[in-house]
Amino acid sequence: MSRLFLAVPAPAKLNLFLHIVGRRADGYHELQSAFVPVDLADLLDFERRDDGRIERTGDVIGDVAADLAVRAALSLQQASGTVFGATINVEKKIPAGSGMGGGSSDAATTLLALNRLWGLAWPRERLSRIALPLGADVPFFLGAGPAFVEGIGERLTPIAAAPRRYAVVHPQVAVSTREIFADPGLTRDTKATIIAAFSAAQETLSEQLFGANDLELVVRRRYPVVDRAVRYLQRFGPARLTGSGSAVFFPATGVDQATAAIQNLPSGWQGWVVRSLAEHPLAAW
């Protein structure tokens, strides 16, 4: 049994669209979205501990106890009854509060890595039961790759997504997902679509985008810098918010167009040229 895994990737994701199709009695929103993993990733190191402790090192944002990698480790430890612990080091590349799923991806990578490091050999379906209470996006990052996502994030259907380059801009502000979903002006009754309609659109839209992000107008109203980021990228192509933001992206015709879009960003903003992944880097784990 290995005692050490180094530089294990936790990839970011983009929401190609995000529709809110209803609201449940418990207050959660029913969503439809298409998630694609991209090659921007946090990197995690894991060392098995024999004293049962969970220790978090590296880049820490906020309270360590609330860190999703720590919570994932503790949840798996409790559910499995293992005597082992782990030291988890995270090198953050994905900005917090950007809508790119960094914390959720860290949690999923932690579950996959510790499942091996602790010799549990649990199937992904069993890990998924631990994943959803950690966050709606965590089950996606346990999957094999791009997916059509429904419900609150628990219903995943694998989809084929054409390889594509995206320009991504982060205007260095963290958006509160809870705040956006609580906004009274949020659209909550978009007509539900079907996977076939999304897939057909991918074949005919070329560099355009399917549907909309129903959170975008609320985020742009509450966070003017996000509105600036959308308008900035619209100079190059059809720009859209990912998740609840604050990162904004557009599908580029190639590397040159994507690179041009991030070369002269306003001071303090971050930008990347990313490539969509046909498969999660840990799909074989």
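**Exercise 1. The loop residue Asn213**

Which backbone oxygen does the side chain of Asn213 reach at 2.9 Å? Determine also where Asn213 is found and whether Asn213 is buried or exposed.

*Solution.* The model under study is a predicted one.

Step 1. Asn213 is found in the loop that lies between helix 6 (195-204) and helix 7.

Step 2. The relative accessibility of Asn213 is 6%. Buried means under 20%, so Asn213 counts as buried.

Step 3. At 2.9 Å, the side chain of Asn213 reaches the backbone oxygen of Leu241. The side chain of Asn213 also reaches the backbone nitrogen of Leu215, at 2.9 Å.

Step 4. With neighbours within four places in sequence left aside, the contacts of Asn213 are Leu18, Arg240, Leu241, Thr242 and Gly243.

**Exercise 2. The four-stranded sheet**

State the strand order of the open sheet of four strands, and identify its edge strands.

*Solution.* Step 1. The order is 8-9-7-10, and the pairing is antiparallel.

Step 2. Strand 8 (240-241) and strand 10 (270-275) are the edge strands, since each of them pairs on one side only.

Step 3. Strand 10 pairs with strand 7 (residues 165-170) in the antiparallel sense over six bridges. Within this pair, Tyr166 stands opposite Val274 in strand 10.

Step 4. Helix 8 (residues 224-233) packs on the sheet and touches strand 7, strand 8 and strand 9 (248-251). The direction of helix 8 makes about 15° with that of strand 9.

**Exercise 3. The buried face of helix 8**

List the buried residues of helix 8, and explain why they line one face of the helix.

*Solution.* Step 1. The buried residues of helix 8 are Val226, Ala229, Val230, Tyr232 and Leu233.

Step 2. Viewed down the axis of helix 8, these residues fall within an arc of 160°, and therefore they line one face of the helix. As a general rule, an α-helix has 3.6 residues a turn, so residues three or four places apart point the same way.

Step 3. The cover over the buried residues of helix 8 includes strand 7, helix 7 (216-222), strand 8, strand 9 and helix 9 (255-261).

Step 4. Gln234 lies in the loop between helix 8 and strand 8. Gln234 counts as partly exposed, because its relative accessibility is 42%. Residues up to four places away in sequence not being counted, Gln234 touches Arg220 and Ala239.

**Exercise 4. The two sides of helix 3**

Which residues of helix 3 (residues 124-134) are buried, and which are exposed on the other side?

*Solution.* Step 1. Arg124, Leu127, Ile130, Ala131 and Leu134 are buried in helix 3.

Step 2. These residues cover an arc of only 120° around the axis, so they are on the same side of helix 3.

Step 3. Glu125, Arg129 and Pro133 are exposed on the other side of helix 3.

Step 4. The buried residues of helix 3 pack against helix 1, helix 2 and helix 4 (138-141).

Step 5. Asp106 has its place in helix 2 (residues 102-117). With a relative accessible area of 4%, Asp106 is buried. Its contacts, neighbours within four places in sequence left aside, are Ala10, Asp42, Leu44, Ala69, Val90 and Lys92.

**Exercise 5. A β-α-β unit**

Determine the handedness of the unit made by strand 3, helix 1 and strand 4, and describe how the two strands pair.

*Solution.* Step 1. Strand 3 (residues 54-58) pairs with strand 4 (residues 85-91) in the parallel sense over five bridges. In this pair, Glu55 stands opposite Thr87 in strand 4.

Step 2. Together with helix 1 (residues 68-80), strand 3 and strand 4 make a left-handed β-α-β unit.

Technical notes: Residues numbered from 1 in each chain as written. Predicted model: local features only at pLDDT ≥ 70, side-chain atom pairs only at ≥ 80, totals over all residues. Heavy atoms only, no water. Pairing = 2+ DSSP bridges. Contact = heavy atoms within 4.5 Å. Axes fitted to C-alpha atoms, helices over the stretch in contact; angles between N-to-C directions. Buried < 20%, exposed > 50% of the residue type's maximum accessible area, 1.4 Å probe, protein only. Arc of directions from axis to C-beta. Polar contact = N/O pair within 3.5 Å; in protein donor to acceptor, adjacent residues only side chain to side chain. Right-handed = clockwise from strand over helix to strand, strands pointing away.
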